[in-house]
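Student: I would like a close look at one part of this model, the cysteines and what surrounds them. Please keep to what the coordinates support.

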Amino acid sequence: MKKVALILADGFEEIEALTVVDVLRRAGMTCNMLGFSPFVTGSHGIVVKADALWQGDLEAYDMVVLPGGMPGATNLRDDQLLMTALKQMQEKGKYVAAICAAPLALAKAGILKERHFTCYDGTEEQIKDGHYQKETVVHDDKLITSRGPATALAFAYDLVDTLGGDADKLREAMLYKDVFDK
C-alpha cells in the first residue's frame, strides 16, 4: 500500500488539502496529514486536526503533497526541515507534489530547477527556476504540480493514478465523469 504525507501549515488552502486526503483514502491509500501543530487553521478559518505532528522525516512515505493557500505556502517554504526533506525525497526518487502557491516551497528547495511545473496564476512570477506551464496538472518525472482550488479533484485523481490506484473507478463513483467528462 502506498503511503502519502500531506503537510499542513497554518494558512493552508482547505479544498486543496482535504480533497487530496479524501480521494487518496477512498482509493485505499494511506494519507497522513502531518501538521506543524496538532490543530492547523486553514486560510478560510477551518481548523483541521492533524494525524501527527510534522517532525522533519518523510522516510516512510512514497509521496509528499504540499497544499497551497496563503500564508500556508510561505509557511511551508520557510520551514528548513521541510526543505531538507523535499531534497531527500527527490534524491531518493520519490514523488513530490504541490498545488497552487506551494511550488514556492519547491523552488526554495531547488526542486524546480530545469523542471516543468504549474502553479496558481501569478505565483510563477516569484519562481526563478523551472519552466512554467499553464496547465491543470503538470508531470515532470516524479514532480507533480497543479494550479489551484478548482483543480484539486483533477490533481487528486492524478495522484491516485500515479500511485497505481484506479482513479477511473473513483471518478465514476464520485459522479465526476457524469458532471465533468461529458
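How many disulfides does the structure hold?

Tutor: The structure holds 0 disulfides, a disulfide being a pair of cysteine sulfur atoms within 2.5 Å. This is a predicted model, in which local features need pLDDT of at least 70 and side-chain atom pairs count only at pLDDT 80 or more, while totals for chains, interfaces and linings use all residues. Residues are numbered from 1 along each chain as its sequence is written, and side-chain values use heavy atoms, with hydrogens and water left out.

Take C31 to begin with. The closest cysteine sulfur belongs to C100 and lies 17 Å from that of C31, which is too far for a bond. C31 is also buried, at 2% relative accessibility (buried means under 20% relative accessible area, exposed over 50%, partly exposed in between, with a 1.4 Å probe and protein chains only). C100 is likewise in no disulfide; for C100 the nearest cysteine sulfur is that of C119, 8.5 Å away. With a relative accessible area of 7%, C100 is buried.

C31 is among the residues that L6 touches: beyond neighbours within four places in sequence, L6 is in contact with A17, V20, V21, C31, N32, M33, L34, V65 and P67 (contact means heavy atoms within 4.5 Å). L6 in turn belongs to the largest nonpolar core, of 31 residues, where L6, L24, V65 and L159 touch the most other members. Such a core is a set of buried Ala, Val, Leu, Ile, Met, Phe, Trp, Tyr and Cys residues joined through side-chain atoms within 4.5 Å. Among the elements that each supply at least two residues of this core are strand 1, strand 2 and helix 1; helix 5 gives the most, with 6 residues. Helices (H or I, at least four residues) and strands (E, at least two) are DSSP runs numbered from the N terminus. A second, separate core has 30 residues, including L76, A105, L106 and L143.

The wider frame is an open sheet of 7 strands in the order 5-2-1-6-7-11-10, with mixed pairing; two strands pair if DSSP finds at least two bridges between them. Strand 5 (52–53) and strand 10 (137–140) are at the edges with a single partner each, so one side of each has no neighbour in the sheet. Helix 1 (residues 14–26) packs on this sheet, touching strand 1 (3–8), strand 2 (30–35), strand 6 (63–66) and strand 7 (95–99).

Conventions
Axes fitted to C-alpha atoms, helices over the stretch in contact; angles between N-to-C directions.
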